[in-house]
Amino acid sequence: LVLTPTDEASSITNKVVEIAGIGQTTERLPENVRPNMHELTAGKLAIDKSFDEAGITIEDVDFAEVHDCFTINQILSVEALGLSKDGQGGWDFIDGKYAPDDDCPINLSGGLKSKGHPVGATGTSMHALAYKQLVGEPIGVKPQKGQPEIGVVFNVGGSAVTNCLTTLKRIS
């Protein structure tokens with residue numbers, strides 16, 4: 001994974017993806033003192049920060065790589081992103097939403113469960129997979145609605161204590 005200013009990257013390669021927005025928040029560790037056990041409250045704040053910085057809404061996002069360390073986290077992630085209403089994410093997956101032909105497919109790479117969960121390196125690997133998707137060299141499944149321009153990576157750690165959303169935009 002190589003990070004460099006966008007103009008410098010453009011002088012080196014024609015496969016440039018820009019970090020358009022980053023949002024990071026933290027939540028209290030003891031789950032019994034959290035205001036709501038049924039949503040990623042701090043995750044929603046991280047998502048809002050990243051989208052605000054990137055100047056986008058969820059409708060602009062072409063795909064998402066989400067932290068599916070457990071099935072419930074994948075469900076809560078699509079709800080936090082605003083793709084499903086709170087409490088509806090699991091039903092949406094059962095109904096086939098978020099497949100490669102969806103407006104915003106989820107985990108086209110296969111997610112963490114397809115490659116393992118290298119704790120400490122998970123976020124980096126998710127970004128590398130999103131980059132490959134954005135430059136037209138996907139590792140995993142291609143979205144069926146054409147070449148994506150905007151993708152997001154939603155990563156959490158420590159029972160969703162740390163929450164980070166990165167908005168990535170294809171430049172060239």
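A residue is called buried when its relative accessible area is under 20%, exposed when that value is over 50%, and partly exposed in between. The legends below use these words for a predicted model.

**Figure 1. Overall fold of the protein chain, with six helices and four strands.** Read along the sequence, the elements follow the pattern α-β-α-β-α-α-α-α-β-β. The radius of gyration of the protein chain is 15 Å, close to the 16 Å that the globule rule gives for 172 residues, so the chain is as compact as a globular protein of that length. The C-alpha trace spans about 50 × 30 × 30 Å along its principal axes. Of the contacts with a separation of 6 or more, 65% are between residues 24 or more positions apart.

**Figure 2. Surface and charges of the protein chain.** The accessible surface comes to about 8800 Å², and carbon and sulfur atoms account for 54% of that area. Buried residues make up 44% of the 172 residues. The protein chain carries 14 positive and 23 negative charges, and the mean positions of these two sets are 3 Å apart.

**Figure 3. Leu-1, at the start of the chain, in the segment before helix 1 (6–12).** With a relative accessible area of 69%, Leu-1 is above the 50% cut-off and is therefore exposed. Ala-64 is 63 residues away from Leu-1 in sequence, and the distance between their C-alpha atoms is 19 Å.

**Figure 4. Cys-104 and Cys-164, two cysteines outside any disulfide.** A search of the whole structure finds zero disulfides. For Cys-104, the nearest cysteine sulfur is that of Cys-164, 17 Å away. Cys-104 has a relative accessible area of 4%, which is under 20%, so this residue is buried. For Cys-164, the nearest cysteine sulfur belongs to Cys-69 and is 15 Å away. Cys-164 is partly exposed because its relative accessible area, 21%, falls between the 20% and 50% cut-offs.

**Figure 5. Helix 3 (residues 71–81), a mostly covered helix.** Nine of the eleven residues of helix 3 are buried. Among them are Asn-73, Gln-74 and Glu-79, together with Ile-75, Leu-76, Val-78 and Leu-81; Ser-77 and Ala-80 are also on the list of buried residues. The cover over these buried residues includes two other helices, helix 2 (41–54) and helix 4 (89–94). Strand 2 (63–66), strand 3 (150–157) and strand 4 (162–170) also contribute to this cover. After helix 3 comes Gly-82, which has a positive phi, near 90°.

**Figure 6. Tyr-98 and Asn-107, two residues with positive phi in the loop between helix 4 and helix 5 (112–115).** Most residues other than glycine have a negative phi. Tyr-98, which is not a glycine, has a positive phi near 80°. The relative accessible area of Tyr-98 is 4%, so Tyr-98 counts as buried. Asn-107 is likewise a residue other than glycine, and its positive phi is near 50°. With a relative accessible area of 8%, Asn-107 is also buried.

Notes: Residues numbered from 1 in each chain as written. Predicted model: local features only at pLDDT ≥ 70, side-chain atom pairs only at ≥ 80, totals over all residues. Heavy atoms only, no water. Rg over C-alpha atoms; globule rule 2.2 N^0.38 Å. Buried < 20%, exposed > 50% of the residue type's maximum accessible area, 1.4 Å probe, protein only. Contact = heavy atoms within 4.5 Å. Areas by Shrake-Rupley, 256 points an atom, 1.4 Å probe, with all protein chains shown as cover. Lys, Arg positive; Asp, Glu negative; His and termini not counted. Charge placed at Lys NZ, Arg CZ, Asp CG, Glu CD. Disulfide = S-S within 2.5 Å.
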